[in-house]
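Biologist: Please take me closely through a single part of this model, and set it in its surroundings. I would also like to know how far the prediction can be trusted there.

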Amino acid sequence: MNEEKELTEETQPLVLKRLREKFPDALLADAEVSNGISIVVNKENSYAFLEYLKTELAYTLLVDITAVDNSNLESELLQYDYARFMVVYQLYTFEGETQRIRVKVPVHEKDLKVPSVTSLWKGANWLERETYDMFGIDFEGHPDLCRILMPDDFEGHPLRKDYPLRGRGERERFNFDKQNA
Amino acid sequence: MGLDFGHRAEPTDGNILTTTIDKVVNWGRRNSLWPMPFGTACCAIEMMATLASKYDLSRFGSEAIRFSPRQSDLLIVSGRISIKMMPVLKRIYDQMPDPKWVISMGACASCGGVFDTYTLIQGVDQFLPVDVYIPGCPPRPEDLIDAVMQVQRQIDKGALPKGSEVA
Amino acid sequence: MQAGMERTTGEKMVLNFGPQHPATHGTLRIVLELDGETVLKATPHAGYLHTGFEKLGEHLDYNQYIVVTDRMNYLSPLSNNFGYVLAVEQLLGIEVPKRCQYIRILMAELSRLADHLLWLGTAALDLGAFSVFLYSFREREKLYSIFEKTTGARLTTSYTRVGGVFRDLYDGFETDVRDFITNLPKALKETHTLLTRNRIWMDRTKGVGAISPEEAINYGLTGPCLRATGVSHDIRKAEPYSSYNEMKFEVPVGTNGDVYDRYLVRMEEMIQSCRIVEQALDNLPDGPFSVEDNKIMLPHKSDAYGHIEGLIHHFKIVMDGHGVQPPLGDHYCATESPNGELGFYIVSDGSGTAYRIRIRPPSFFHFQALPHMLEGGMVSDTVAVLGSLNVIAGELDR
Ligand code: SF4
């Protein structure tokens, strides 16, 4: 839910307290949401942060990795130094009070690189490929970063805000002789 | 026997039946259309329902579902066709032996349906000759049966499929 | 092939399986590298049914998008409708009346039954058991007619609305559903007799495509596939949404995480769903079936046609920029769909259209884990394993 409460020393969940102690400089923002907490972490620490969440705090289930193109969302742009993209991780724990954690990592357009978490979760492989396919974000250390949903010879990244809904004419042109199924 | 070869068939004395070879061939064809179901999305589920217990497409001679294009003469395109899938569909169509009919089942296959997006073909008829379109999202099983019967009627009339006119 | 025969030849062969293959249920594609009959390497390919759902979400308003969610998982559209509107409602911060929650649970559980029945039919069909397909479709047709009477459509239901459902249950719904759930266990028994102790079925499914609980979590499996490995995790229990906390039901778990266990887990889940449906029918509260807030729900048609206020409300909701407008922010909401965790992550910029809708499909993870379950096995197991995962292409590719 949206009413993100300011967290004081007493009300903050235990998990958040530990995270704040462990990564004092990495946390750009945090808030409690209806089903867990939402944290913004800088890119330099994102891998260590997620690793810590997985190994020390038992957030073993990687629920999702995706991204948001913030280019039309003024408030987010202002808050995070005009970072165009926000890579979003959703984690889940089978133990403990705070079941869900959302980790967001701002990414600037001129440096579209985020460390890959495939070494932590095998499930991250396709999720990162999809995010690459749809947004063009590069996951460093990914074993095989290639398109997954769109054809290999597709140009552009459809979920970026500057990509038109109806495409750029891809659906009307085909070279059936060249393509093989 | 319930055979009806049209006005030219004249039973002469006894057991001889005269007709034209075309009529016999068409009669055979119409009653044993072998569909190649190219089901991709929700419409494919309705297609399955048409084949299953309640609606039972076999009453119309089309129960011999062949998943190999080389053995079938009726392509049922049911579902959304993306730009990644279109070359596959085209290839399957090309592999089917002549004469071949195409049914485009559902809004998506016929015109893109509710999905006017970058990845979806807005109607397979841009790339394939379609003989019968079925409206609906998804069409009811009755609609699919009706489409198969329409193909049968076309065959009865001796009409060639669209595909052979193009070729 | 006989057991003990030399199967490996030392030569590699590449087999392309799909995207148009009867056992792939649509548009899945797997490239198998074989040595004799042993699978050395399996590479699944996705994307053949990519439809651009997420992009479309940025262009349709919140209620229009419900139509799209139907078509994402066409085995159980009602669960998708439910999951989506729940996410929007939580983003809006509203709660729907009790009767509506119960109706939604009823419909979600019935659609779980519909999903599992279709899964059962096709998975058995893939292994050659055609009669099971006919049996389960016979039952599914009954559900279709219940859905049709309630929502107006057999498959693409679009039943829920942000803030409620679009109409109340029809008279006689209760009798129809009670009829169905009393008969279903009998019908399932037929399937049990056909399959559960059947030698061929057991040979082809037991120990095939097994995955350990740790690996399953590592791959992000959820739903029946995770439960078959022995992890008792069900979002309906872990984070009860809607009125699931008032329902009594068990979460069936397996032990080996193989195809056979997935089959048993799903069979048992159907029985549990029947229980939930029964309880929901017994305790179905009276009252309104949607929120009585004119800013969120469309007024009744007679109101819109007969009164000026009704007309204004109707007009305001359907006009761009006046309807459902969640405040700035983002929210992730997960529900237990028949296949596993179905999540909607919605970012709102305060307008009537979502800024970004991300769908977390369970099938995506199941399909990804396929190589792990196939490699080292026989090529004929591919069909069994793939069938057991119930990968739905519409949901996988979106
Ligand atoms: S026409 Fe409708 S039911 Fe058929 S594939 Fe398209 S969206 Fe699905």
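Modeller: What follows is a close look at strand E4 of chain A.

This is a predicted model, in which local features need pLDDT of at least 70 and side-chain atom pairs count only at pLDDT 80 or more, while totals for chains, interfaces and linings use all residues. Residues are numbered from 1 along each chain as its sequence is written, with chains lettered from A and ligands numbered from 1 in the order in which they are written.

Strands here are DSSP runs of at least two residues, numbered from the N terminus, and E4(A) covers residues 85-92. Eight of its eight residues are buried, so the strand is largely enclosed by the rest of the structure; buried means that 20 or more other C-beta atoms, placed from the backbone, lie within 10 Å of a residue's own. In a regular strand the side chains alternate between the two faces of the sheet. In E4(A), A:Phe85, A:Val87, A:Tyr89 and A:Leu91 point one way, whereas A:Met86, A:Val88, A:Gln90 and A:Tyr92 point the other way, and all of these are buried.

E4(A) has pairing partners to describe, where two strands pair if DSSP finds at least two bridges between them. With strand E3 of chain A (residues 61-69), E4(A) pairs in the antiparallel sense over eight bridges, and within that pairing A:Met86 is the bridge partner of A:Val68. With strand E5 of chain A (residues 100-107), E4(A) again pairs in the antiparallel sense over eight bridges, and here A:Tyr89 stands opposite A:Val103.

As for confidence, pLDDT is the predictor's confidence in each residue, from 0 to 100; the mean for chain A is 81, and 89% of its residues reach 70 or more. Residues 1-5 of chain A stay under 50, and the model has 13 contacts for them beyond four places in sequence, a contact being two residues whose C-beta atoms, placed from the backbone, lie within 7 Å. Where pLDDT is low, the predicted coordinates should not be read in detail.

Beyond its own strands, chain A meets chain B, with 11 residues of chain A in contact with 15 residues of chain B. The chain B side of that meeting divides into eight nonpolar, three polar and four charged residues, where Ala, Val, Leu, Ile, Met, Phe, Trp, Tyr, Cys and Pro count as nonpolar, Asp, Glu, Lys and Arg as charged, and the others, Gly among them, as polar.

How values were computed:
Buried ≥ 20, exposed ≤ 12 C-beta atoms within 10 Å, placed from the backbone. Helix = DSSP H or I, 4+ residues; strand = E, 2+ residues; numbered from the N terminus.
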